[in-house]
Amino acid sequence: MSLIRPPRSSLDDLKPELVDLERRLFLRGSLSLGALTMLTGCNLVEGNSVDKALLAMSRWNDKVQAWLFDPNKLAQTYTRADITTPFPFNAYYGKSRAPAVDGAAYRLEVSGLVSDRKSWTVEELRALPQESQITRLICVEGWSAVGEWSGVRLGAFLDRIGADSRARYVGFKCADGYYSGIDMATARHPQTILALDFGGGALPREYGYPMRLRMPTKLGFKNAKHIAALFVTNDYPGGYWEDKGYNWFSGS
Amino acid sequence: MSGDAKPKPVASEPRKRRAIHSSIVRLTHWINAAAMVVMVTSGWQIYNASPIFDFKFPAWMTLGGWLAGAIASHFAAMWVLAINLLVYLVYGVVSGHFRRDLLPITPAGVWRDTRAALAFRLPHALGRYNAVQRLLYAGVIALIVLVVVSGLAVWKPVQFQTLTWLMGGFDSARVVHFFAMAGIVGFFLVHILLVMIVPRTLAPMIVGGTAPEATP
């Protein structure tokens with residue numbers, strides 16, 4: 001993996017442009033200038049050293065952000081008048097390729113460090129206490145949009161399935177092949193919900209039907225859509241974009 | 001030789017004269033320059049992912065290769081920039097560097113020196129800033145503080161929500177961050193141009209130089 005080289009998979013929405021050799025050399029040269037100020041003894045000849053330095057800093061930034069995270073600090077909430085319409089679509093594929101999940105056949109699989117591994121239907125999830133929020137989703141690209149989501153508070157759900165409260169991470173696997181994970185403190189934040197509704201109705205297909213993670217304390221790409229499986233773990237869960245170089249914690 | 005005492009040196013031994021730029025000023029200046037180049041060029045790549053205005057920065061001017069590389073570069077160099085800035089600000093206050101070299105900045109002085117500069121009659125004395133220089137240097141320091149504060153507001157709009165609120169909200173904090181960058185880049189261009197016009201100012205920022213005797 002190279003952090004400063006775009007991934008080779010097709011990226012309909014992010015469209016990172018392929019870079020020509022000349023520019024690559026320029027980037028290496030100018031990046032090294034920055035790396036030089038960060039690191040002593042950085043081997044500028046070894047091509048991978050810049051990536052390594054940047055990844056080490058990204059892991060350091062994960063720790064700093066976990067330390068900065070206040071479990072009781074709430075993100076700003078908005079009124080219905082502030083809602084962004086149309087709400088932007090964003091994924092690693094085009095809108096037409098968003099998965100069509102069969103809600104009747106859907107089962108949320110639960111695994112890992114939990115005492116109750118039973119799977120959940122949409123109806124069972126809807127029967128749990130629902131919470132609503134109108135919050136700002138901030139994309140890693142820089143744009144932001146206000147939307148209304150409601151669903152089950154993840155912290156309450158973790159209690160219900162008997163999750164190990166000392167476990168470090170909650171991981172998610174999605175129907176579209178996407179995967180991600182979050183720290184336990186964020187999972188238990190009062191505004192972190194397993195959203196079933198968007199804008200007052202069931203989540204539309206392209207916005208994550210039948211269930212997505214919604215938390216205003218992390219960037220948009222951490223808010224996994226079409227969640228098919230949830231697991232509690234002490235092993236670093238990585239993520240689709242995170243494994244390509246995006247900062248893992250990505251807290252707001 | 002008999003026991004004649006050697007003539008005592010009378011005022012011939014020069015008093016220790018301070019450098020035009022102290023070692024801390026020189027060190028923080030160049031660390032800031034390097035970190036700022038990384039921050040600005042990676043910031044342009046991040047900007048291009050979702051432009052605020054109706055233009056993008058040419059790809060060859062940007063750093064990081066793609067968005068993730070740019071963000072990783074930005075959030076690595078930010079530590080260098082911020083810690084270096086903190087060292088400089090503390091030094092500037094404690095050592096008297098700000099009071100001695102940047103103050104006072106008076107409207108009358110700036111007006112006088114601006115007219116002189118535009119008429120190419122402004123002396124560029126080493127070790128002593130004219131009023132226009134003081135204004136520009138104090139201004140760019142303020143802009144760097146602003147770019148850091150607005151950057152924190154964009155990075156952590158929940159944890160640092162008071163900062164984000166002060167910036168007028170998340171979207172507005174991005175705009176403030178952008179214009180603070182634009183001001184710094186504008187300063188940089190003028191700064192480089194003036195160093196090219198008055199090249200003897202460059203060496204003291206590298207090796208220190210010797211300041212002229214203070215005028216009474």
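Helices, of at least four residues, are DSSP runs numbered from the N terminus, and the exercises below use such numbers for a model that is predicted.

**Exercise 1.** Find which helix of chain B gives the most to the nonpolar patch, and decide how B:F188 is placed with respect to the surface.

*Solution.* Begin with the patch itself, which covers about 820 Å² and is made by nine named residues, among them B:L136, B:F188 and B:I197. Next, look at helix α7 of chain B, which spans residues 170-197 and, with eight residues, gives the most to this patch. B:F188 lies in that helix, and the last step is to judge its exposure: partly exposed means between 20% and 50% relative accessible area, so B:F188, with 44%, is partly exposed.

**Exercise 2.** Work out which parts of chain A are tied together by the salt bridge between A:R153 and A:E131.

*Solution.* Side chains of opposite charge can pair when their charged atoms come close. In this pair, the closest N and O atoms of A:R153 and A:E131 are 3.8 Å apart. A:R153 lies in strand β3 (residues 144-153) and A:E131 in strand β2 (residues 131-138), so the salt bridge ties together parts that are 22 residues apart in sequence. As for exposure, A:R153 counts as partly exposed at 25% relative accessibility, and A:E131 is partly exposed with 35%.

**Exercise 3.** Decide whether A:D164 and A:R166, which meet in a salt bridge, are buried, partly exposed or exposed.

*Solution.* The two side chains meet at 3.5 Å, N to O. A:D164, at 22% relative accessibility, counts as partly exposed, whereas A:R166, at 70%, counts as exposed, because exposed means over 50%.

Key:
Residues numbered from 1 in each chain as written. Chains lettered and ligands numbered in written order. Predicted model: local features only at pLDDT ≥ 70, side-chain atom pairs only at ≥ 80, totals over all residues. Heavy atoms only, no water. Patch = residues over 30% accessible without salt bridge, like charges linked within 9 Å, V, L, I, M, F, W, Y side chains within 5 Å. Areas by Shrake-Rupley, 256 points an atom, 1.4 Å probe, with all protein chains shown as cover. Salt bridge = Lys/Arg side-chain N within 4 Å of Asp/Glu carboxyl O. Helix = DSSP H or I, 4+ residues; strand = E, 2+ residues; numbered from the N terminus. Buried < 20%, exposed > 50% of the residue type's maximum accessible area, 1.4 Å probe, protein only.
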